[in-house]
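Reader: I've got this model open on my screen and I'd like a close look at one part of it. Could you walk me through the three-stranded sheet and what lies around it?

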Amino acid sequence: MEEIELFIRNEKEDGVFAVSLVESPAIEENWVALSSQGIELKVADEERRVVVGMALVPEKRIFRKMKGKEFNIYFSKETISKTQELYMKNLNANNVTTEHERPIKGATVIESWIVEDSKNDKSNLYKLNAPEGAWCIMMKIYNDEEWDAVKSGDYKGFSIEGVFQGFEALEASKQLTEDERLIQTIKQIIKDNE
């Protein structure tokens with residue numbers, strides 16, 4: 001199966017502009033709802049309404065199907081680091097959607113970091129098993145309806161919404177496939193005329 005590395009070419013146009021709460025994260029990594037994990041909270045009477053998980057994992061192959069073509073995409077550590085940096089620089093922490101469809105109010109990313117040392121990273125507190133180079137985020141859910149959806153298991157992880165470069169490789173491979181078909185057709189015509 002074809003693999004396409006996605007990357008950032010133009011820092012003003014590329015990168016992640018929102019994080020979505022989803023039932024089936026493409027990176028196949030569920031989050032941890034902190035209030036349900038027995039984490040000691042500073043406010044003893046109220047749930048913190050915080051979830052933590054990975055937004056991107058380096059070199060993780062993510063299946064995609066586009067225009068009838070099946071392929072995997074992936075991100076390097078360097079691209080993930082630049083993505084996280086631009087996400088924060090561009091003040092996108094309040095851009096949250098559900099299932100990539102509906103923007104929601106009352107949810108914000110309150111922490112965002114790149115795992116630099118998988119043995120000594122904060123992500124270990126939440127048993128994320130995050131590899132070096134992973135982008136971890138912590139989100140606070142203020143919205144009652146969305147928090148109820150988190151608690152009921154409607155959402156299990158994060159998914160990014162963004163613009164990345166690399167899909168031109170898919171178009172190039174599509175062209176190659178069309179060229180290969182043309183060659184096969186020409187070969188068949190020659191064979192039929194022999």
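Author: Here is a walk through that sheet, followed by a helix, the cores and the other sheet. Keep in mind that this is a predicted model.

Let's begin with the layout. The sheet is an open one, with its three strands in the order E1-E6-E5 and with mixed pairing. Strand E1, residues 2-6, and strand E5, residues 62-66, are the edge strands, and each of them pairs on one side only. If you look at how neighbouring strands sit against each other, they are turned by 40° on average, ignoring direction. As background, strands of a sheet pair through backbone hydrogen bonds, either parallel or antiparallel.

Both kinds turn up here. E1 and E6 run parallel and are joined by five bridges; Ile4, for instance, has Ile73 in E6 as its bridge partner. On the other side, E5 is antiparallel to strand E6, residues 69-75, and again five bridges join the two. Here Arg64 has Phe71 in E6 as its bridge partner, while Ile62 stands opposite Ile73 in E6. So Ile73 is a handy residue to click on, because it faces Ile4 and also Ile62, with the strand around it largely enclosed by the rest of the structure, given that five of the seven residues of E6 are buried.

Now follow the chain from E5 into E6. The two strands form a hairpin with two residues between them, and Lys67 in the turn has a positive phi of about 50°.

Next, try helix H1, which covers residues 77-89 and includes Thr83. Thr83 counts as buried because its relative accessibility is 0%. What does Thr83 touch, leaving out residues up to four places away in sequence? The list is Ile8, Val16, Leu56, Trp135 and Phe164. Val16 is a nice one to pick out: it is 67 residues from Thr83 in sequence, yet their C-alpha atoms are 6.4 Å apart.

Trp135 brings us to the packing. The largest nonpolar core has 33 residues, and the members that touch the most others are Leu21, Phe75, Trp135, Met139 and Ile160. Strand E10, residues 135-141, supplies the largest share of this core, with four residues. There is also a second, separate core of 12 residues, with Met54, Val57, Ala130 and Cys136 among them. In general, nonpolar side chains tend to be buried together in soluble globular proteins.

For a companion to your sheet, look at the other open one, where four strands come in the order E8-E7-E2-E11, also with mixed pairing. Its edges are strand E8 (102-104) and strand E11 (157-163); each has a single partner strand, so one side of each lacks a neighbour in the sheet. Neighbouring strands here are turned by 40° against each other on average, direction ignored. Strand E7, residues 96-98, pairs with E8 in the antiparallel sense over three bridges, and Thr98 has Arg102 in E8 as its bridge partner.

One last stop is helix H2, residues 144-151, where you'll find Ala149. Ala149 counts as buried because its relative accessibility is 9%. Setting aside residues up to four places away in sequence, Ala149 touches Asp154 and Tyr155. Leu21, which we met in the largest core, is 128 residues from Ala149 in sequence and 9.9 Å away, C-alpha to C-alpha.

Terms used:
Residues numbered from 1 in each chain as written. Predicted model: local features only at pLDDT ≥ 70, side-chain atom pairs only at ≥ 80, totals over all residues. Heavy atoms only, no water. Core = buried A, V, L, I, M, F, W, Y, C linked by side-chain atoms within 4.5 Å. Buried < 20%, exposed > 50% of the residue type's maximum accessible area, 1.4 Å probe, protein only. Pairing = 2+ DSSP bridges. Axes fitted to C-alpha atoms, helices over the stretch in contact; angles between N-to-C directions. Contact = heavy atoms within 4.5 Å.
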